[in-house]
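Student: I would like to learn how to read the features of a protein model in a systematic manner. Could you take me through one?

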Amino acid sequence: MDEKRLSKISRLLQKELGDIFQKQTQGMPGTLISVTRVRATPDLSLARIYLSIFPADKSDELMKNIEANNKIIRYDLGQRVRTQLRKIPELAFYIDDSLDYIEKIDELLK
């Protein structure tokens, strides 16, 4: 698949998943889940979604909850992008710890 098209699809998935997580976390004050990056395979069979979760101490609990509701999240995503995509990829969620890594390096440099 064309790199430009794959990039557009990844951005679309990132935007829509961000909206889904924002709506789901409205009932949990003090919790923020943001989609930092989406990497889709060229055949759109799999999308790797990297999440940044705040506060970091709740990340394991929230990731277990997200994995348990993977099918529901994929269905919601399919309802939102059904006019743009024919095939909705399987979703694989990962924690993006790059911000924690940057913070740790800043502390070491000080």
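**Reading the fold**

Tutor: The protein chain holds 4 helices and 3 strands. Please keep in mind throughout that this is a predicted model.

Student: In what order do the elements of the protein chain run from the N terminus on?

Tutor: The order is α-β-β-α-α-β-α. As for extent, the C-alpha trace spans about 50 × 35 × 20 Å along its principal axes.

Student: How should I read the strands: in what order do they form the sheet, and what is the pairing?

Tutor: One begins with which strands are paired, and then turns to their directions. Here the 3 strands form an open sheet in the order β1-β2-β3, with mixed pairing. β1 and β3 (residues 90–95) stand at the edges with a single partner strand each, so one side of each has no neighbour in the sheet. On average, neighbouring strands of this sheet are turned by 30° against each other, direction ignored.

Student: Which helix packs on the sheet, and which strands does that helix touch?

Tutor: Helix α2, residues 59–68, packs on the sheet and touches β1, β2 and β3. Angles between axes run from 0 to 180 degrees between N-to-C directions. The direction of α2 makes about 175° with that of β3.

Student: How many bridges join β1 to β2, and do these strands run parallel or antiparallel?

Tutor: There are 8 bridges between β1 and β2, and the two strands run antiparallel. The register can be followed through individual partners: Arg37 is bridged to Tyr50 in β2, Val38 has Ile49 of β2 as its bridge partner, and Arg39 stands opposite Arg48 in β2.

Student: And how many bridges join β2 to β3?

Tutor: That pair has 6 bridges, and its strands run parallel. Tyr50, already named as the partner of Arg37, also stands opposite Tyr94 in β3.

**Backbone details**

Student: Which residue in the turn of the hairpin has a positive phi?

Tutor: The residue is Leu44. The hairpin is formed by β1 and β2 with 5 residues between them, and Leu44 lies in the loop between these strands. Its phi is near 60°, a positive value in a residue other than glycine.

Student: What is the omega of the peptide bond from Phe54 to Pro55?

Tutor: Omega is near -5°, and the bond is cis. Pro55 belongs to the loop between β2 and α2.

**Side chains and the pocket**

Student: How many aromatic pairs does the count give?

Tutor: The count comes to 2 aromatic pairs. To classify a pair, one examines the angle between the ring planes, where over 60 degrees counts as edge-to-face. For Phe21 and Phe93 the ring centres are 5.9 Å apart and the planes stand at 75°, so this pair is edge-to-face. The pair links distant parts of the chain, since Phe21 is in helix α1 (residues 3–24) and Phe93 is in strand β3, 72 residues apart.

Student: What is the volume of the largest pocket, and which residues are the closest to its centre?

Tutor: The volume of the largest pocket is about 190 Å³. Of its 13 lining residues, Ser52, Ile53, Phe54, Ala56 and Asp100 are the closest to the centre. The elements giving two or more residues to the lining are β1 (32–40), β2 (46–54) and α4 (98–109).

Student: How is the lining of the largest pocket divided by class?

Tutor: The lining has 6 nonpolar, 3 polar and 4 charged residues.

Terms used. Residues numbered from 1 in each chain as written. Predicted model: local features only at pLDDT ≥ 70, side-chain atom pairs only at ≥ 80, totals over all residues. Heavy atoms only, no water. 1 Å grid on protein atoms, 1.4 Å probe; cavity = no way out; pocket = protein on both sides within 12 Å on 5 of 7 lines; lining within 4 Å. Points joined across faces, edges and corners; volume = space filled by probe spheres on them. Nonpolar A, V, L, I, M, F, W, Y, C, P; charged D, E, K, R; others polar. Pairing = 2+ DSSP bridges. Contact = heavy atoms within 4.5 Å. Phe/Tyr/Trp six-rings, centres within 6.5 Å; stacked < 30°, edge-to-face > 60°.
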